[in-house]
Amino acid sequence: MGKENKPRWWVTRGLDKMEMKFGKLKPIESFIKKRLKSQKVVRGLELGFGDGKCLLDLRTIFPDKRVELYGLNREKGKVVSQKEDFKAVAKRFELPIPISTLLPKPSFYDAGNGLRFKSDYFDVVISQVAFHYIGDKSKLIEEFWRVLKPKGKAFLEIDSYKEHYPDFLQINKE
């Protein structure tokens with residue numbers, strides 16, 4: 001594979017990388033399993049899903065229609081611009097290709113303007129690498145709380161590239 005065709009790491013990151021950031025006990029997978037014991041449906045949202053590898057990893061672990069997966073990117077990508085494109089991603093990563101009704105549901109808009117989901121809709125919200133692209137980070141965090149169900153969890157990776165968002169990482173002297 002030539003350098004120009006090599007997948008970009010931030011677009012193809014999977015669940016394994018995300019889980020490692022939050023501990024060795026697979027906290028996201030464990031949380032979903034626990035919720036499935038007490039709920040009929042568990043919904044998950046990934047902000048900045050890239051090519052959808054993390055969502056497809058979750059689908060592989062949970063091949064059950066009781067787990068609904070959603071992804072949100074700012075704009076349509078070269079690889080994923082509609083739900084059916086996840087089949088090609090699954091094939092590329094040699095993941096079991098889920099039936100069309102179980103593919104993640106993608107949306108494309110700027111999350112910095114608010115999330116277009118009902119309140120108390122998601123059990124888990126995850127995000128890797130995308131947070132620094134959001135202009136109003138405090139508004140987005142408020143939106144995460146709004147769309148999370150009671151006792152839901154958000155797993156947000158906030159990378160430390162200060163040049164991307166120096167305002168967010170400044171220490172409040174008060």
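In the predicted model, Lys149 is located in strand β5, which spans residues 148-156. With a relative accessibility of 17%, Lys149 falls under the 20% limit and is therefore classed as buried. The side chain of Lys149 forms a polar contact with the side chain of Asp123, at 3.3 Å. When neighbours within four places in sequence are left aside, the residues in contact with Lys149 are Arg35, Gln39, Val41, Arg43, Asp120, Tyr121, Phe122 and Asp123.

One of these contacts of Lys149, Asp120, belongs to the loop between β3 and β4 (122-127). Asp120 has a positive phi of about 55°, although Asp120 is not a glycine. Most residues other than glycine have a negative phi. At 45% relative accessibility, Asp120 is counted as partly exposed. A positive phi of about 55° is also found at Glu94, again a residue that is not a glycine. Glu94 is placed in the loop between α5 and β3. Its relative accessibility is 73%, a value over the 50% limit, so Glu94 is counted as exposed.

Strand β2 comprises residues 67-73, and seven of its seven residues are buried; the strand is therefore largely enclosed by the rest of the structure. Burial extends to both faces of β2. On one side the buried residues are Val67, Leu69, Gly71 and Asn73, and on the other they are Glu68, Tyr70 and Leu72.

Strand β2 pairs with two strands, β1 and β3. The pairing with β1 (residues 42-47) is parallel and consists of six bridges. Within this pairing, Leu45 stands opposite Tyr70 of β2. Between β1 and β2 the chain passes through helix α4 (residues 53-61), and the resulting β-α-β crossover is right-handed. The pairing of β2 with β3 (residues 105-108) is likewise parallel and is made by four bridges. Here Leu72 has Ser107 of β3 as its bridge partner. The chain crosses from β2 to β3 through helix α5 (residues 86-92), in a β-α-β crossover that is also right-handed.

Helix α4, the connecting element between β1 and β2, has seven buried residues out of nine and is therefore largely enclosed by the rest of the structure. The buried positions in α4 are Lys53, Cys54, Leu55, Leu56, Asp57, Leu58 and Arg59. The list thus includes charged side chains as well as leucines.

Internal space was also examined. Rolling a probe the size of a water molecule over the atoms shows where empty space is left. The structure holds one cavity of 30 Å³ or more. The largest cavity contains about 50 Å³ of space. Its lining is formed by Ile32, Gly44, Leu45, Glu46, Leu55, Leu58, Val67, Leu69, Val124 and Ile126. At least two lining residues are supplied by each of β1, α4, β2 and β4. The greatest contribution comes from β1, with three residues. Several residues described above recur in this lining. Among them is Leu45, which stands opposite Tyr70 in β2. Leu55 and Leu58 also line the cavity and are among the buried residues of α4. Val67 and Leu69 are further lining residues, and both are buried on one side of β2.

Terms used. Residues are numbered from 1 along each chain as its sequence is written. This is a predicted model: local features need pLDDT of at least 70, side-chain atom pairs count only at pLDDT 80 or more; totals for chains, interfaces and linings use all residues. Side-chain values use heavy atoms; hydrogens and water are left out. Buried means under 20% relative accessible area, exposed over 50%, partly exposed in between (1.4 Å probe, protein chains only). Two strands pair if DSSP finds at least two bridges between them. A crossover is right-handed if, with the strands pointing away from the viewer, the path from the first strand over the helix to the second runs clockwise. A polar contact is a pair of N or O atoms within 3.5 Å; within protein, one must be able to donate a hydrogen and the other to accept it, and residues adjacent in sequence count only if both atoms are side-chain atoms. Contact means heavy atoms within 4.5 Å. On a 1 Å grid over the protein atoms alone, a cavity is a set of points where a 1.4 Å probe fits but cannot get out, and a pocket is an open set with protein on both sides within 12 Å along at least five of seven lines; lining residues have an atom within 4 Å of a point. Grid points are joined across faces, edges and corners, and a volume is the space filled by probe spheres set on the points.
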